[in-house]
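Ready for a little hands-on practice? Please take a look at the sequence and the structure below before you start.

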Amino acid sequence: MIVFCLLWTPFFYLFWRSLHEHTERAGGTWALVLGSIVALFQFFLGSIIEPGGFGFSRWLSACVDIVALPAAVPFIICLVFSLLRIISAESDFTDMAFLWLIPVAALRALSWSSQNDPVLLVAVPVLWTAIAVGMGFFIRMIQSLWGYAVIPAAAAAVALPLLGATAYWAFFSQYTVAGFILLGITLVPAGFSLGAAFLEQKK
């Protein structure tokens, strides 16, 4: 499980690159450096939210420390960088999110290794992937839409990391069926995105 947590993100990143060979990849160095700095800070400082039991504080910890924020922060940084014209708005934000998450996954594998918990070491990397691909999917939708049509896509992009955190909370609280259902829903946008990439390759 430790090996899975360590290698899943870089392997999926290579798979993602193979499907999107012609997309713009500016900002990769920024993503790796900033992701490494943030991961090191959290590794040494520990959790921001102290979880307690199975209630709201545990879900909030999943949002801030484990699932939602770690996967969503690179997209926030990408949006800021694109507004500042450090990177192009046409850059592949998902590509940068994976590069950001590679050092995060490596240090989390190290810090979680003593717990040997499949929810942390297996489910969380999969949830990060679902959020990274799904948020990129919704951001591309927002870039191609106009007017009020962007509101549902923007709402979905915000809701996806929260849904992923709720899936983690359900697994942790031993609501296994609910956890798998929420995980499946979280993976749906990523499935659409990967399906569209496969169809694009066949053209």
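Here are four short exercises on this predicted model, each with a worked solution.

**Exercise 1. Find how many helices and strands the protein has, and judge its radius of gyration against the globule rule.**

Start with the secondary structure: there are 8 helices and 0 strands. Reading along the sequence, you meet the pattern α-α-α-α-α-α-α-α. Next, take the radius of gyration, which is 16 Å, and set it beside the 17 Å from the globule rule for 203 residues; the two are close, so the protein is as compact as a globular protein of that length. To round off the picture, a box of roughly 45 × 35 × 30 Å along the principal axes holds the C-alpha atoms.

**Exercise 2. Describe the burial, contacts and surface of the protein.**

Begin inside: 45% of the 203 residues are buried. Then turn to contacts between residues at least 6 apart in sequence, of which 74% join residues at least 24 apart. Now move to the outside, where the accessible surface is about 10400 Å² and carbon and sulfur atoms account for 74% of that. Finally, consider charge: the protein carries 8 positive and 9 negative side chains, with the centres of the two sets 4 Å apart.

**Exercise 3. Check the length of helix H4 (residues 68-83), then work out which of its residues are buried and what covers them.**

First, the length. At 1.5 Å a residue, the 16 residues of H4 should span 22 Å, and because the end C-alpha atoms are 23 Å apart, the two values agree. Second, the burial, meaning under 20% relative accessible area: the buried residues of H4 include Pro70, Pro74, Phe75, Cys78 and Phe81. Third, the cover, which includes helix H2 (28-45), helix H3 (56-66), helix H5 (93-112), helix H6 (118-144) and helix H7 (150-172). Past the end of the helix, arginine 85 follows H4 and has a positive phi, near 65 degrees.

**Exercise 4. Compare the settings of asparagine 116 and glutamine 174, and decide whether each is buried, partly exposed or exposed.**

Keep the background in mind: most residues other than glycine have a negative phi. Asparagine 116, not a glycine, has a positive phi of about 50 degrees. This asparagine 116 sits in the loop between H5 and H6, and its relative accessibility of 47% makes it partly exposed.

Now for glutamine 174, also not a glycine, whose phi is positive at about 65 degrees. Glutamine 174 belongs to the loop between H7 and helix H8 (176-202). With a relative accessible area of 66%, glutamine 174 passes the 50% cut-off and so counts as exposed.

Note on methods:
Residues are numbered from 1 along each chain as its sequence is written. This is a predicted model: local features need pLDDT of at least 70, side-chain atom pairs count only at pLDDT 80 or more; totals for chains, interfaces and linings use all residues. Side-chain values use heavy atoms; hydrogens and water are left out. Helices (H or I, at least four residues) and strands (E, at least two) are DSSP runs, numbered from the N terminus. The radius of gyration is taken over C-alpha atoms; the globule rule is 2.2 Å times the number of residues to the power 0.38. Buried means under 20% relative accessible area, exposed over 50%, partly exposed in between (1.4 Å probe, protein chains only). Contact means heavy atoms within 4.5 Å. Accessible areas come from the Shrake-Rupley method with a 1.4 Å probe; for residues, only the protein chains shown count as cover. Lys and Arg count as positive and Asp and Glu as negative; His and the chain ends are not counted. The place of a charge is taken as NZ of Lys, CZ of Arg, CG of Asp or CD of Glu. The expected span of a helix is 1.5 Å times one less than its number of residues.
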